[in-house]
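Hi everyone, thanks for coming. Could you pull the structure up on your screens so that we can walk through it together?

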Amino acid sequence: MAAELHNKENTLVMRKRLIGQSCRLFFSHDPIKILKARGQYLYDENGMEYLDCISNVHHVGHCHPDVTEAAASQMELLNTNTRFLHDNIVTYAARLSATLPDKICVFYFVNSGSEANDLALRLARQYTQNEDIIVLEHAYHGHLTSLIDISPYKFKKLGGQKEWVHVAPLPDTYRGMYREDHPNPAQAYADTLKSVIDQVQSKGRKIAAFFAESLPSVGGQIILPHGYCTKVAEYIRAAGGVYVADEVQTGFGRVGSHFWAFQMQGEDFCPDIVTMGKPMGNGHPLACVATTEDVAGAFTSNGVEYFNTFGGNPVSCAVGLAVLDVIEKEDLRGNATRVGRHLKELLEQLQKKHSIIGEVRGVGLFLGFEMVKDKTERTPATLEAAHLVQKLKDERICVSTDGPWESVIKFKPPMCFSMEDAERVAKAIDQILTEWSKDEIQQSFNEDHLINTS
Ligand SMILES: Cc1ncc(COP(=O)(O)O)c(C=O)c1O
């Protein structure tokens, strides 16, 4: 076990004193100090093992030896910026290109999902010469000023909505305006977006882009109805805008069946811009914007050079290549499909047994379940969800919540998550839900403990 520099208590004291308090910790009332991690397991200062259902960034498993080795050997040899010619960046771009539709063939490497979305915003505006952006309710696209502006999840708590930002209803067939009994929710929700476009245009404004996660995660692990994206892309393009697919959380095979979550919408759908990040470097800061030749051409033609000091450096690209190799070599997409299906089935069995589980949804290793106070009204069971997270932590299983009411328990574990892990999680949830009492929930929680962990 790695040595500690400070004991846990002192680490916490120093963190409170030295680190901005808006940078919140997981399990903030009793944080875990992690010294080491392997695969899907985390180890605290006492060598105690935790099962990690949270770390979607550590996509191929924490500290995967192939990734570590790729980073270390490239670091020993050379790390320059992208103004020198190097094999890694072009090899990596070619590998990514092979996973995307032919049309998406130009790449810009950056360091975070936020940078990727900020650049996507610039590309969209330069290409369309328009300004306005449409996003989905409760969306989160990053922490830069430009992205707080297009993230209702954040701007609702801050200064409010900018005049160039427009919010369309979240196509949530469990809680939204059109639900599972609607004959065509994809068309119905696309029509709501069309109404937003009409309103924007009636004010004389022009749309630059629609930004959406291919599976809205902060929105509560939502699966967009099949056909929604195709229709929306049609409406957005007719209005002069482009479709930006935010794959920062959902890309790189998390859904199992496809490499990119937008591909679940069918072959007739292709975004104009794809942004990616989190899992790309398995923890190394690596992110990217991919787009069409036309969009990239417009960005070039403004005559302003785009330079990013760290983005796409030889070490980052070596890491990215190693991640792609591991996904293939260990068939992690196949694993996500099999283990995800098994976990979903186990959770569906629990849904039949425990009335507090309102809906189980998701695909591959992007799963979640809604906790509700009653199944008819679907009243979010926010405190109960927080309580379950706490109880699972006591069982050394790390999960977190999401959704507008923090009532969705989400699972986005490293892709090496196993059948046994899935069974352990389901068994623990079953036991906790069978044994808990309402009093216990009220006593042990207050609102301070609720934390979003996108
Ligand atoms: C969907 C989505 N887009 C963008 C971002 C921003 O990525 P980063 O934190 O790497 O800047 C996040 C981060 O949580 C995200 O969930």
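I'll go through a small sheet, a helix, the nonpolar core, the ligand shell and a few odd backbone angles. Keep in mind that this is a predicted model.

Okay, let's start with the sheet. It's an open one with four strands, in the order 1-2-3-13, and the pairing is mixed. At the edges sit strand 1, residues 34–38, and strand 13, residues 397–398, and each of those pairs on one side only.

Let's walk across it. Strand 1 and strand 2, which is residues 41–44, run antiparallel and are joined by four bridges. If you want a spot to click on, alanine 37 is opposite leucine 42 of strand 2. Next door, strand 2 also runs antiparallel to strand 3, residues 49–52, this time with three bridges. There, tyrosine 41 faces leucine 51 in strand 3. Strands 2 and 3 make a hairpin with four residues between them, and in that hairpin glycine 47 has a positive phi near 80 degrees.

So where does the mixed part come from? Look at strand 3 and strand 13: they pair in the parallel sense, over two bridges. Leucine 51 turns up again here, with isoleucine 397 in strand 13 as its bridge partner.

Now helix 12, residues 382–394. This helix has 13 residues and spans 19 Å from first C-alpha to last, close to the 18 Å you'd expect at 1.5 Å a residue. Which of its residues are buried? Quite a list: Leu383, Glu384, Ala385, Ala386, His387, Leu388, Val389, Lys391 and Leu392. Notice that Glu384 and Lys391 are on that list too. Right after the helix, arginine 396 takes a positive phi of about 65 degrees.

That brings me to the other unusual phi angles. As background, most residues other than glycine have a negative phi. Glutamine 221 isn't a glycine, yet its phi is positive, about 55 degrees. You'll find glutamine 221 in the loop between strand 7 (207–213) and helix 8 (228–238). Is glutamine 221 buried or exposed? Glutamine 221 counts as buried, because it has 27 C-beta neighbours inside 10 Å and the cut-off is 20 or more.

Phenylalanine 252 is another non-glycine with a positive phi, about 65 degrees. Phenylalanine 252 sits in the loop between strand 8 (242–246) and strand 9 (273–276). Phenylalanine 252 is buried as well, because 28 other C-beta atoms lie within 10 Å.

On to the core. In soluble globular proteins, nonpolar side chains tend to be buried together. Here, the largest nonpolar core has 130 residues, and the ones with the most contacts inside it are Ala124, Val232, Val244, Cys288 and Val289. Helix 10, residues 314–329, supplies the largest share, nine residues. The core also draws at least three residues from each of domain 1 (8–60 + 331–449) and domain 2 (65–329).

Last stop, the ligand. What kinds of residues make up the shell around the ligand? We get two nonpolar, 11 polar and three charged. There are 16 residues around the ligand, and Ser112, Gly113, Ser114, Gly142 and Val248 come nearest. Helix 4, residues 113–128, gives the most to this shell, with three residues.

That's my tour. Thanks for listening!

Conventions
Residues are numbered from 1 along each chain as its sequence is written. This is a predicted model: local features need pLDDT of at least 70, side-chain atom pairs count only at pLDDT 80 or more; totals for chains, interfaces and linings use all residues. A residue is buried if 20 or more other C-beta atoms lie within 10 Å of its own, exposed if 12 or fewer, and partly exposed in between; C-beta atoms are placed from the backbone. A residue is near a molecule or strand if its C-beta atom, placed from the backbone, lies within 6 Å of it. Ala, Val, Leu, Ile, Met, Phe, Trp, Tyr, Cys and Pro count as nonpolar, Asp, Glu, Lys and Arg as charged, and the others, Gly among them, as polar. The expected span of a helix is 1.5 Å times one less than its number of residues. Two strands pair if DSSP finds at least two bridges between them. A nonpolar core is a set of buried Ala, Val, Leu, Ile, Met, Phe, Trp, Tyr and Cys residues joined through C-beta atoms within 7 Å. Domain bounds come from an automatic or database domain assignment.
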